[in-house]
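Student: I would like to learn how charged side chains are read in a model like this one. Could you take me through them slowly?

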Amino acid sequence: MADDQDQDTERVQIRDRFQLLRADLAEVSDQEWADERDDEMRVVREWAAARRRRVA
């Protein structure tokens, strides 16, 4: 009986750690995506500014 409780407790702890790791990974992925998007937008803005200077 005690072994069953120990195993259940261990499963709950493992599940909780896994959920925390997934949440951390999702947060990092979201930040990386935002950084990449910001970089792409910066390039577009620089290109548009250079084009406006050439036209002017």
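**Charges along the chain**

Tutor: Let us begin with one residue: arginine 15 is partly exposed, because its relative accessibility is 45%, and the classes are buried for under 20% relative accessible area, exposed for over 50%, and partly exposed in between, with a 1.4 Å probe and protein chains only. Please keep in mind that this is a predicted model, in which local features need pLDDT of at least 70 and side-chain atom pairs count only at pLDDT 80 or more, while totals for chains, interfaces and linings use all residues. Residues are numbered from 1 along each chain as its sequence is written, and side-chain values use heavy atoms, with hydrogens and water left out.

Student: With which residue does the side chain of arginine 15 meet in a salt bridge?

Tutor: In general, side chains of opposite charge can pair when their charged atoms come close. A salt bridge here is a side-chain nitrogen of Lys or Arg within 4 Å of a carboxyl oxygen of Asp or Glu, and the partner of arginine 15 is aspartate 16, at 3.3 Å from N to O. Aspartate 16 is partly exposed, with a relative accessible area of 33%.

Student: How many salt bridges does this rule give?

Tutor: The count comes to four. Among them is the pair of arginine 37 and aspartate 38, whose closest N and O atoms are 3.5 Å apart; arginine 37 is partly exposed at 36%, and aspartate 38 is partly exposed at 41%.

Student: How far apart in helix 1 are aspartate 8 and arginine 11?

Tutor: They are three residues apart, which means that about one helical turn separates them; a helix is a DSSP run of H or I with at least four residues, numbered from the N terminus. Their side chains meet in a salt bridge of 3.1 Å, N to O, with aspartate 8 partly exposed at 42% and arginine 11 exposed at 52%.

Student: Which residues gather in a patch of negative charge on the surface?

Tutor: A patch joins like charges within 9 Å, or nonpolar side chains (Val, Leu, Ile, Met, Phe, Trp, Tyr) within 5 Å, from residues with over 30% relative accessible area and no salt bridge. The negative patch holds Glu32, Asp35, Glu36, Asp39 and Glu40; of these, aspartate 35 lies in helix 1 and is partly exposed at 38%.

Student: And which residues form the positive surface patch?

Tutor: Arg51, Arg52, Arg53 and Arg54 form it. Arginine 53 belongs to helix 1, residues 2-55, and counts as exposed because its relative accessibility is 59%.

Key. Accessible areas come from the Shrake-Rupley method with a 1.4 Å probe; for residues, only the protein chains shown count as cover. Lys and Arg count as positive and Asp and Glu as negative; His and the chain ends are not counted. The place of a charge is taken as NZ of Lys, CZ of Arg, CG of Asp or CD of Glu. Helices (H or I, at least four residues) and strands (E, at least two) are DSSP runs, numbered from the N terminus.
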